[in-house]
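Me: I've got this model open and I'd like a close look at one part of it, the nonpolar core. Could you walk me through what goes into it and how the rest of the chain fits around it?

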Amino acid sequence: MTTERHIRHFQEELEQLKARLLEMGGLAEDRLQLAVRGLVDRDLALVERVLVSDTAINQLHIEIDDRCFKLLALHQPMAVDLRAIVSAVKINTDLERVGDLAVNIAEAAGRYLEHPPVKELIDIPRMADIAQGMLRDALDAYVRRDIAMAQDVLNRDDELDLLKTTVFRELLTHMFRDPSTIEPSLDLVLISRHLERVGDHATNVAEDVIFMVSAKDVRHHIEDT
């Protein structure tokens, strides 16, 4: 293979890798959305759909890792291309964990639906919207190699943390007033924690984007970016 064809083939493989990562991100986001919708609408059928749909994400997880390792072995990329592939390996793991968190949310939602509603669900759907938006934008930043978009994702993480704290405080009040709400309230606390973790994984992706583009590690000093 000539050098020109080799480079073209490598770039095509990189584009396919990006497409598969976006597909996996879409699957993870869809599962998350279904789990939260099932909770809010009190629809057990939606919750159960999340619990039985793990195979596609697991298969993509394996495929994407395999693509990354083959690209590293066959093309020996340098600089930003090397960082893009290494980042893809890490992002792949974060997306698989988001899929696992969607399952955790569905499991907690299933338990919650066995009880009367504790309260109107306002902040948890807001958390889900923020977390999904962060994940979507972090992946877009990866594809576009956009540091500004990645930094914006990092900036939104505090809002998610504040909402989680608000949810916990409100539910604590309900548990003190009515001990019968303790079990379902704890499931809502768990769900808020899982949504916060989705935001953490989106943050990880955004940090990988900044590293990929600028070779700057911002994991422990975000304020310096």
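**A look at the core**

Reply: Sure, let's start with the overall fold. The chain has seven helices and zero strands, so the pattern along the sequence reads α-α-α-α-α-α-α. Keep in mind that this is a predicted model. Its mean pLDDT is 91, with 96% of the residues at 70 or more. Of the elements, α7 has the highest mean pLDDT, 96, and α1 the lowest, 89.

Now the part you asked about. The largest nonpolar core has 67 residues, and the members that touch the most others are L39, Y142, L188, I191 and L195. Every one of these helices puts in at least two residues: α1 (3-40), α2 (44-51), α3 (55-75), α4 (79-112), α5 (123-144), α6 (147-177) and α7 (182-214). The largest share is from α4, which supplies 14 residues.

L39 is a handy place to zoom in. Leave out anything up to four places away in sequence, and L39 still touches V47, A109, Y112, L113, L121, I124, L188 and I191. Two of those partners, L188 and I191, are also on the list of core residues that touch the most other members.

While you're on α4, have a look at D81, which is found in that helix. Is D81 buried or exposed? It counts as buried, because its relative accessible area is 18% and the cut-off for buried is under 20%. Setting aside neighbours within four places in sequence, D81 is in contact with F10, Q11, L14 and R145.

Zooming back out, 48% of the chain's 225 residues count as buried. Among contacts with a separation of 6 or more, 81% are between residues 24 or more positions apart. The C-alpha trace spans about 75 × 40 × 20 Å along its principal axes.

As for the outside, the chain exposes about 11200 Å², and carbon and sulfur atoms supply 53% of that. There are 42 negative side chains and 27 positive ones, and the centres of the two sets lie 2 Å apart.

One general caution while you're browsing: where pLDDT is low, the predicted coordinates should not be read in detail.

Methods. Residues are numbered from 1 along each chain as its sequence is written. This is a predicted model: local features need pLDDT of at least 70, side-chain atom pairs count only at pLDDT 80 or more; totals for chains, interfaces and linings use all residues. Side-chain values use heavy atoms; hydrogens and water are left out. A nonpolar core is a set of buried Ala, Val, Leu, Ile, Met, Phe, Trp, Tyr and Cys residues joined through side-chain atoms within 4.5 Å. Buried means under 20% relative accessible area, exposed over 50%, partly exposed in between (1.4 Å probe, protein chains only). Helices (H or I, at least four residues) and strands (E, at least two) are DSSP runs, numbered from the N terminus. Contact means heavy atoms within 4.5 Å. Accessible areas come from the Shrake-Rupley method with a 1.4 Å probe; for residues, only the protein chains shown count as cover. Lys and Arg count as positive and Asp and Glu as negative; His and the chain ends are not counted. The place of a charge is taken as NZ of Lys, CZ of Arg, CG of Asp or CD of Glu. pLDDT is the predictor's confidence in each residue, from 0 to 100.
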